[in-house]
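Open the model in your viewer and keep the sequence panel beside it. This tour tells you what to select at each stop and what to look for there.

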Amino acid sequence: MGLENAFGQVIEYYSRRSTPEPANGNLETKPRASQWPSNSRGNSIRSVSKKRARLNRQRAQATKAAREVDNTCHIKSPVCTGYFDAFHEVIKCSANGAIVPGSEKAKAQGQVFIRSCNPCNGYIEDNVAWAKENGYAKSRFEQDNHAD
Ligand SMILES: [Zn+2]
C-alpha cells in the first residue's frame, strides 16, 4: 500500500479480509437494529426487547414517583444502605414476574414490589433462603404458573 500514516492500521485491517469493504465499512462494526440486543444464545429478541423497553420506562416512572413518597429501603438486609434504589419484585422477572408497579399484570399475578437498595437486591439474590424466610422471594412452586 505504501501508506504509512495514521490510517495505516485501518487499511491493514481491511486488507486482511477476504472481501473488500466499502470506505465506510467501519460503520458495520456497530450492531444493526435487527441484530441487537440478543440473548446469551445469540438469538434475536428484538420484539421482546421493544416491549421490555416500554416496560422499563413505565417502571422507571413508577419508581421515581414512589421515591418521592418514600425513599427508604424496606428490605434492611445486613448490607443495607437505607436508600431506595429500585423495586425488588417478589416474583422474579425470570419467573415471568411483572416489573411495573400498579400494572394489570402485576395485579393479576399478585406481584409484590418492595422498596430496595441495590445492595439488598444483591443480598436477596445471594441469600435465597433468607429472602424466602422474610417474604422477599417465592419458590416456583409457590407461584401461580398459569398466568400467560
Ligand atoms: Zn437495603
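pLDDT is the predictor's confidence in each residue, on a scale from 0 to 100. Keep that in mind, for this is a predicted model.

**Stop 1: colour by confidence**

Colour the whole chain by pLDDT. The average is 79, and 61% of the residues score at least 70. Now select helix α1, residues 8–15. Its mean pLDDT of 49 is the lowest among the elements of the chain, while β2 has the highest, 98. Narrow the selection to residues 10–15. Here the pLDDT is below 50, and the stretch has four contacts in the model beyond near neighbours in sequence.

**Stop 2: the whole chain**

Switch to a cartoon view. You should find five helices and two strands. In sequence order the pattern reads α-α-β-α-β-α-α. Of the 148 residues, 18% are buried. Now consider contacts between residues with a separation of 6 or more: 57% of them join residues 24 or more positions apart.

**Stop 3: helix α4**

Select residues 118–126, which form α4. Which residues of α4 are buried? They are Cys120, Asn121, Tyr123 and Ile124. Look down the helix axis. The buried residues fall within an arc of 160°, so they line one face of α4. Turn to the face pointing away from that buried side. There you meet the exposed residues Glu125 and Asp126.

What covers the buried residues of α4? Show β1 (86–89), β2 (113–116) and α5 (128–133), which are included in the cover.

Stay on tyrosine 123 for a moment. Beyond its neighbours within four places in sequence, tyrosine 123 contacts Ser77 and Val79.

**Stop 4: the largest nonpolar core**

In soluble globular proteins, nonpolar side chains tend to be buried together. To see the largest nonpolar core here, select these twelve residues: Cys73, Ile75, Phe84, Val90, Ile91, Cys117, Cys120, Tyr123, Ile124, Ala131, Tyr136 and Ala137. Helix α4 supplies the largest share of this core, three residues.

**Stop 5: arginine 115**

Move to strand β2 and pick arginine 115. Is arginine 115 buried or exposed? It has 21 other C-beta atoms within 10 Å, so it is buried; the cut-off for buried is 20 or more.

Show its surroundings next. Leaving out residues up to four places away in sequence, arginine 115 touches Ala66, Asp70, Thr72, Cys73, His74, Phe84 and Phe87. Then draw a distance from arginine 115 to aspartate 85. They are 30 residues apart along the chain, yet their C-alpha atoms are separated by 7.5 Å.

**Stop 6: alanine 66**

One of the residues touched by arginine 115 is Ala66, so follow that contact to helix α2, where alanine 66 sits. With 16 C-beta neighbours inside 10 Å, alanine 66 counts as partly exposed. Besides Arg115, alanine 66 touches Pro101, again not counting residues up to four places away in sequence. Draw another distance, this time to phenylalanine 87. That residue is 21 places from alanine 66 along the chain, and the C-alpha atoms are separated by 9.3 Å.

**Stop 7: glycine 82**

Now go to the loop between α2 and β1 and select glycine 82. Glycine 82 is exposed, with 11 other C-beta atoms within 10 Å. Its contacts, leaving aside neighbours within four places in sequence, are Thr72, Cys73 and Cys117. Add a distance to proline 119. The two residues are 37 apart along the chain, with their C-alpha atoms separated by 9.6 Å.

**Stop 8: two positive phi angles**

Most residues other than glycine have a negative phi. Two loop residues make a good last stop.

Select lysine 76, in the loop between α2 (46–69) and β1. Lysine 76 is not a glycine, yet its phi is positive, about 55°. It counts as partly exposed, with 14 C-beta neighbours inside 10 Å.

Then select asparagine 96, in the loop between β1 and α3 (104–109). Its phi is near 70°, again a positive value in a residue other than glycine. Asparagine 96 has 14 C-beta neighbours inside 10 Å and counts as partly exposed.

Terms used:
Residues are numbered from 1 along each chain as its sequence is written. This is a predicted model: local features need pLDDT of at least 70, side-chain atom pairs count only at pLDDT 80 or more; totals for chains, interfaces and linings use all residues. Helices (H or I, at least four residues) and strands (E, at least two) are DSSP runs, numbered from the N terminus. Two residues are in contact if their C-beta atoms, placed from the backbone, lie within 7 Å. The arc is that of the directions from the helix axis to the C-beta atoms. A nonpolar core is a set of buried Ala, Val, Leu, Ile, Met, Phe, Trp, Tyr and Cys residues joined through C-beta atoms within 7 Å.
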